[in-house]
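The following exercises ask the reader to examine one protein model step by step. Each task is followed by a worked solution.

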Amino acid sequence: MEKIVINGGRPLYGSIEVSGMKNSSLPILFGTILVGGPCIIENLPPIDDVFTALSILKSMGAQVRMLDRTTVCVDTKDIQWGSAPYDKARNMRGSYYIAGAELGRFGMSKIALPGGCDLGQRPIDQHIKGFEALGASVNCDNGYINASTEAPLKGGFVFMDVVSVGATINTMLASVLADGVTTIDNAAREPHVVDLANFLNSCGADITGAGTGVIKIKGVTALRGVTYAVLPDMIEAGTYMIAAAATRGKLTVTNVIPKHMEAVTAKLIEMGAAVEEDDTSLTVSVPGELNKAYVKTTPYPGFPTDMNPQICVLMCLAQGNSVILEGIWDSRFRYVKELARMGANITVEAKMATVEGRGFLTGADVQSMDLRAGAAMVIAGLAAEGTTSISDIHHIERGYEDIVEKLRLVGADICKVHVVESEQEELA
Ligand code: EPU
């Protein structure tokens, strides 16, 4: 077991580069199943979820070759549908994109029900609705999603009952090779959806409207392999922007698309930060006091739920009482009891948190409850007085490339330590 240990209270200064986006890398990697030939994917984040995705593809019969740290060549010509290993697939969320991709290429799919962060109920009814609109039959038995079609998939119309990133992406994947036109209404507009559509279009798909609420997919007969670079990760970028504000340093976050960051930038400015924008970078500092804020998380272009824990840390360090209304997940606030160990005073009622701005946090031993909660603990540790030790950092490593080294290079006193076995037993 490893922990992250931080001696807090040091402002971060300098420049920090954002990696490729986790939540579009996964659908793009599994989207290569539809191509049935070699694709080169660049700007992949070297994170555990990406390595798991590549390992799953390899187990399914794909040829997978790393060309450098962030570039992979994947050839899915010889892939066998239904062969994704249960134990690997069940441990990540993005593995359910294999369902849409296999269904699109083979008309059949069998994949373990997915895992991922524990954020409350994570139903897949809208994914099933999308597949059924194309003529597929779907059942979930013995821990698997099984999807099949007797006739070739046929373009259809689906109105999503909730705005779902995953269901929008899965329906897109299943429909690119279907006969006729598929329309997804009330579609998710996240940059990840646009990134996947751009990848598939560069392979020869005919997708319009990605990034709006209505996406149209005109089926094509085949896709061809391409070289494609994944977009930068907006949540990683936002995490470092908040780290800059929380430590009252000055950080330039590079390799970002400022448009993707608008909701986070606007909230930081409202709270008293200064944000300077360049074409591909944002520089964050705090000239005066940090103010309280009201945040409601909503689908893109609203304030992202995946920034809820990080902005909460900043609210603890501000003046006055702030409020976060969580609009997506039922159990997003599991990190609150960990922040309380660091001196935070946060009251949670259902999906609303009231955060007392005490202006400080103090170091403590805390746990990373999930990926973004873990990132919030890192920010809290950087800003706190004293030493913070964070356990269960595998959650963080699923989604952040080398967070320890990136932060060390901008002045953080941070390291990763191995916990020796006897200490592990004591902790158990
Ligand atoms: N929902 C349904 N039915 C469905 C699908 C979703 O009711 O069939 C509901 C969910 O319960 C939730 C809402 O719709 O209340 C939105 O869920 P969505 O499908 O958009 O989430 P997801 O695709 O499972 C992705 C990201 C999450 C991120 C959410 C929201 C991946 C692998 N995961 O999840 O990212 O929180 O979108 O933006 O892309 C993370 O990266 O830390 C993370 C959790």
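## Exercise 1: The nonpolar core

The largest nonpolar core of this predicted model has 151 residues, and L339 and L407 are those with the most contacts inside it.

**Task.** State which domains supply this core with at least three residues each, and list what L339 touches beyond four places in sequence.

**Solution.**
Step 1. Both domain 1 (2–18 + 289–427) and domain 2 (22–229) contribute at least three residues to this core.
Step 2. Residues up to four places away in sequence are not counted for L339.
Step 3. The residues that L339 then touches are C312, V313, C316, A344, I346, M377 and A380.

## Exercise 2: The two domains

**Task.** Determine how the protein chain is divided, how far apart the C-alpha centres of the domains lie, and how many residues of each domain are in contact with the other.

**Solution.**
Step 1. The division of the protein chain gives domain 1, made of 2–18 and 289–427, and domain 2, made of 22–229.
Step 2. Between the C-alpha centres of domain 1 and domain 2 there are 31 Å.
Step 3. On the side of domain 1, 17 residues take part in contacts, and they meet 18 residues of domain 2.

## Exercise 3: The largest pocket

**Task.** Describe the lining of the largest pocket and explain where this pocket lies with respect to the domains.

**Solution.**
Step 1. The space in the largest pocket amounts to about 1,000 Å³.
Step 2. Its lining has 42 residues, and R122, V165, G166, I328 and W329 lie nearest the centre of the pocket.
Step 3. Sorted by class, the lining has 19 nonpolar, 11 polar and 12 charged residues.
Step 4. At least two lining residues come from each of α1 (22–31), α5 (125–133), α6 (165–175), α8 (234–246) and α12 (371–383). With four residues, α1 gives the most.
Step 5. Because domain 1 and domain 2 both give residues to the lining, the largest pocket lies between them.

## Exercise 4: The second largest pocket

**Task.** Carry out the corresponding analysis for the second largest pocket.

**Solution.**
Step 1. The volume of the second largest pocket is about 260 Å³.
Step 2. The pocket is lined by 19 residues, with E17, S19, R69, E401 and K406 nearest its centre.
Step 3. Two or more of the lining residues come from each of β2 (13–17) and α14 (403–408). The most are given by β2, with three residues.
Step 4. The classes in this lining are seven nonpolar, six polar and six charged residues.
Step 5. Domain 1 and domain 2 both give residues to the lining, so the second largest pocket lies between them.

## Exercise 5: Two residues in loops

**Task.** Decide whether L134 is buried or exposed, do likewise for Y335, and list the contacts of L134 and Y335, leaving aside neighbours within four places in sequence.

**Solution.**
Step 1. L134 is located in the loop between α5 and β7 (137–141), and Y335 in the loop between β18 (319–325) and α11 (336–341).
Step 2. A residue counts as buried under 20% relative accessible area. L134 has 2% and is therefore buried. Y335 has 1% relative accessibility and therefore also counts as buried.
Step 3. The contacts of L134 are L153, K154, G155, G156, T171, A174, S175 and T182.
Step 4. Those of Y335 are N308, P309, C312, I324, M369, A373 and M377.
Step 5. Along the chain Y335 and P309 are 26 residues apart, while their C-alpha atoms are separated by 7.1 Å.

## Exercise 6: Backbone geometry

**Task.** Identify what sets apart the backbone at N142, R248 and the bond from Y300 to P301.

**Solution.**
Step 1. Most residues other than glycine have a negative phi, and most peptide bonds are trans.
Step 2. N142 is not a glycine, yet its phi is positive, at about 50°. The residue is in the loop between β7 and β8 (144–148) and is exposed, with a relative accessible area of 73%.
Step 3. R248 also has a positive phi, near 55°. R248 belongs to the loop between α8 and β14 (250–254) and is partly exposed, at 36% relative accessible area.
Step 4. From Y300 to P301 the peptide bond is cis, with omega near 15°. P301 is placed in the loop between β17 (294–296) and α10 (308–316).

Note on methods:
Residues numbered from 1 in each chain as written. Predicted model: local features only at pLDDT ≥ 70, side-chain atom pairs only at ≥ 80, totals over all residues. Heavy atoms only, no water. 1 Å grid on protein atoms, 1.4 Å probe; cavity = no way out; pocket = protein on both sides within 12 Å on 5 of 7 lines; lining within 4 Å. Points joined across faces, edges and corners; volume = space filled by probe spheres on them. Nonpolar A, V, L, I, M, F, W, Y, C, P; charged D, E, K, R; others polar. Domains from an automatic or database assignment. Core = buried A, V, L, I, M, F, W, Y, C linked by side-chain atoms within 4.5 Å. Buried < 20%, exposed > 50% of the residue type's maximum accessible area, 1.4 Å probe, protein only. Contact = heavy atoms within 4.5 Å.
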